[in-house]
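Biologist: Could you take a close look at one part of this model for me and tell me how it is held by its surroundings? I would love a connected account, starting from a single contact and working outwards.

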Amino acid sequence: MILWSLLAVNLTAQGHTLKTTQHTLQPDIAMLSQAFTPPAKPRVADQFSLSKVNTNELQTVLSGLFLVYKSFFSSQDNQRCSFHPSCSEFGLEAVKKLGVVKGVICTCDRLTRCNGFSPEQYEIDFKMRRLKDPVSW
Amino acid sequence: MKRRLLFFLCWISASGWLGGQNLEQTLAFARAQYEAGNTLTALKTYQRVLFFGGNVHRDESQSQLATLHASLGEFDRAAFYYDLIYQSAGTDSLRYEALFHKTASLMLQQQPKKALLELLALPKNLPEPWQSRKRLYLGAAHFSIREFELARQDLLPLFGAEDSAQKAEFEKLFRHAERVARKSPKTARLLSMFFPGAGQFYAGDVKNGLNSLLLNGLLGYWFVATGINYSFIDAGATVTPWLFRYYGGGIRKAGEILEAKQEERLKKTFQKVLQTIEVER
């Protein structure tokens with residue numbers, strides 16, 4: 001807002017007329033500097049905020065395993081999972097929502113279904129180009 | 001029914017002296033909202049002024065709408081309003097000003113080719129300070145599309161005629177940019193094909209290079225160990241899907257990482273170029 005206000009000086013309305021007042025390159029340089037700012041890289045833990053919300057030690061361990069998987073294994077492979085959310089994200093969500101026992105059972109069930117052999121059984125998430133399969137018990 | 005009739009009669013009798021906001025009141029409200037920092041309300045109100053006012057207060061509404069959209073990060077809408085200002089501007093200076101603002105909006109949208117098209121529509125020689133601004137934006141647009149020599153030629157006149165430390169730094173930064181852009185994603189992918197992780201090292205991403213090397217090394221060890229201890233048919237059946245997943249993924253990622261790293265480094269380099277211009281001026 002401040003940056004644009006700086007530039008807006010040039011086109012500020014004065015009654016019915018617009019006037020141009022800029023004689024330096026400073027506002028343009030500031031604007032271009034903003035355009036050339038590299039996008040911030042989010043940390044894995046920030047991308048999956050659910051991994052930060054743990055109610056017991058077992059959930060903390062499983063969240064840690066999830067983050068290790070996402071950081072060191074999932075980051076190196078091709079996108080293979082047929083579903084959205086992906087199997088690892090599904091596993092984390094299932095454990096958080098249903099508890100450890102039901103969550104692990106649900107995740108095992110999901111892993112056996114992640115093969116792309118029966119797409120007609122699922123709705124399609126057109127935005128993600130994946131099959132929809134949210135956590136449910 | 002009686003209540004409805006009563007309401008209708010009251011409404012009819014009141015409609016003679018009740019009235020909505022007129023254009024001037026709406027404009028005053030829009031200005032007040034802008035001053036108070038209520039961006040969204042100001043935006044809607046200025047849109048109303050522009051819609052109902054026609055050419056009355058058009059210039060103010062358009063420029064304020066462009067500024068408000070830009071401050072909200074909606075640079076495509078801002079560019080649209082700057083374009084309207086450009087079309088209806090009465091003087092050359094105002095037209096140039098609107099065009100530079102539109103160019104800035106396009107650059108912020110990461111659309112340097114469109115920005116370049118706008119800038120090339122300007123006359124070859126402009127009076128100062130427009131010429132310097134044109135050079136700056138042209139340089140930025142050319143740099144974005146990796147036309148470094150053209151960008152250098154655009155920006156060099158912004159420095160004084162005599163040699164200075166800033167000018168030397170400027171030349172050094174351009175040589176660095178050319179070196180960064182010379183690396184090819186195809187080479188990175190090929191390197192990773194022959195030696196997992198090598199493409200990532202080539203791109204300058206040591207962490208991902210080590211990660212890929214370790215992962216593929218472990219899977220390779222698992223393949224060989226299974227082959228020796230059991231049979232290579234067993235090794236093929238058990239390890240190959242994993243190996244294919246991470247080996248193939250590593251090759252693809254090497255190219256992606258290089259492209260992302262190049263983009264990041266070039267952006268940082270141009271920020272430094274802008275700093276040298278700022279110091280020089």
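**The contact between the two domains of chain B**

Modeller: Gladly! In this predicted model, domain 1 and domain 2 of chain B bury about 910 Å² between them, and carbon and sulfur atoms account for 71% of that area. On the domain 1 side, the residues that lose the most area to domain 2 of chain B are F143(B), R146(B) and F159(B), which together make up 55% of what that side buries.

To place this contact in the chain, the domain assignment puts domain 1 of chain B at 25-163 and domain 2 of chain B at 185-280. Their C-alpha centres are 42 Å apart. Each domain brings eleven residues to the contact.

What polar pairing is found here? The rule finds one salt bridge across the interface of the two domains. R146(B), already listed among the residues that lose the most area, has its side chain in a salt bridge with that of E263(B), at 3.3 Å from N to O. Three residue pairs, with both residues at pLDDT 80 or more, are in polar contact between the two domains.

Which elements supply the domain 1 side? Two helices of chain B, α8 (130-144) and α9 (148-155), each give two or more residues to it. The largest share, four residues, comes from α8(B). By residue class, the domain 1 side that touches domain 2 of chain B has seven nonpolar residues, three polar ones and one charged one.

Now let us step outwards to the partner chain. Chain B contributes 54 residues to its contact with chain A, and chain A contributes 37. About 4200 Å² is buried between the two chains, with 64% of it on carbon and sulfur atoms. Three salt bridges cross this interface by the rule. In a salt bridge between R133(B) and D28(A), the closest N and O atoms are 2.7 Å apart. The count of residue pairs in polar contact between the chains is eleven, with both residues at pLDDT 80 or more. On the chain B side, at least two residues each come from α4 (58-71), α5 (75-88), α6 (92-108), α8, α13 (206-229) and α14 (232-280). The helix that gives the most is α14(B), with 17 residues. Sorted by class, the chain B side that touches chain A holds 21 nonpolar, 19 polar and 14 charged residues. So α8(B) turns up twice in this account, because it supplies residues to the side facing domain 2 of chain B and to the side facing chain A.

The salt bridges deserve a wider look too. Side chains of opposite charge can pair when their charged atoms come close. Over all chains, the count by this rule comes to 22. Within chain B, E118(B) and K102(B) pair through their side chains at 2.8 Å, N to O. This pair links distant parts of the chain, with E118(B) in helix α7 (residues 112-120) and K102(B) in helix α6, 16 residues apart. E118(B) and K102(B) are both buried.

In chain A, salt bridges that share partners join D109(A), R110(A), R113(A) and D133(A) into one network. R110(A) sits in helix α6 (residues 100-113) of chain A. Buried or exposed? R110(A) counts as buried because its relative accessibility is 0%, and the class takes anything under 20%. Leaving aside neighbours within four places in sequence, the contacts of R110(A) include C81(A), F83(A), H84(A), P85(A) and F90(A), as well as its network partner D133(A).

Two further salt bridges of chain A have other surroundings. D46(A) pairs with R43(A), their closest N and O atoms being 3.7 Å apart. D46(A) is partly exposed, at 39% relative accessible area, whereas R43(A) counts as exposed because its 54% is over 50%. K132(A) and E123(A) form a salt bridge in which the closest N and O atoms are also 3.7 Å apart. Here K132(A), at 35% relative accessibility, counts as partly exposed, while E123(A), at 55%, counts as exposed.

Technical notes:
Residues are numbered from 1 along each chain as its sequence is written. Chains are lettered from A and ligands numbered from 1 in the order in which they are written. This is a predicted model: local features need pLDDT of at least 70, side-chain atom pairs count only at pLDDT 80 or more; totals for chains, interfaces and linings use all residues. Side-chain values use heavy atoms; hydrogens and water are left out. Domain bounds come from an automatic or database domain assignment. Contact means heavy atoms within 4.5 Å. Buried area is the accessible area (1.4 Å probe) that two parts lose on being put together, summed over both. A salt bridge is a side-chain nitrogen of Lys or Arg within 4 Å of a carboxyl oxygen of Asp or Glu. A polar contact is a pair of N or O atoms within 3.5 Å; within protein, one must be able to donate a hydrogen and the other to accept it, and residues adjacent in sequence count only if both atoms are side-chain atoms. Ala, Val, Leu, Ile, Met, Phe, Trp, Tyr, Cys and Pro count as nonpolar, Asp, Glu, Lys and Arg as charged, and the others, Gly among them, as polar. Buried means under 20% relative accessible area, exposed over 50%, partly exposed in between (1.4 Å probe, protein chains only).
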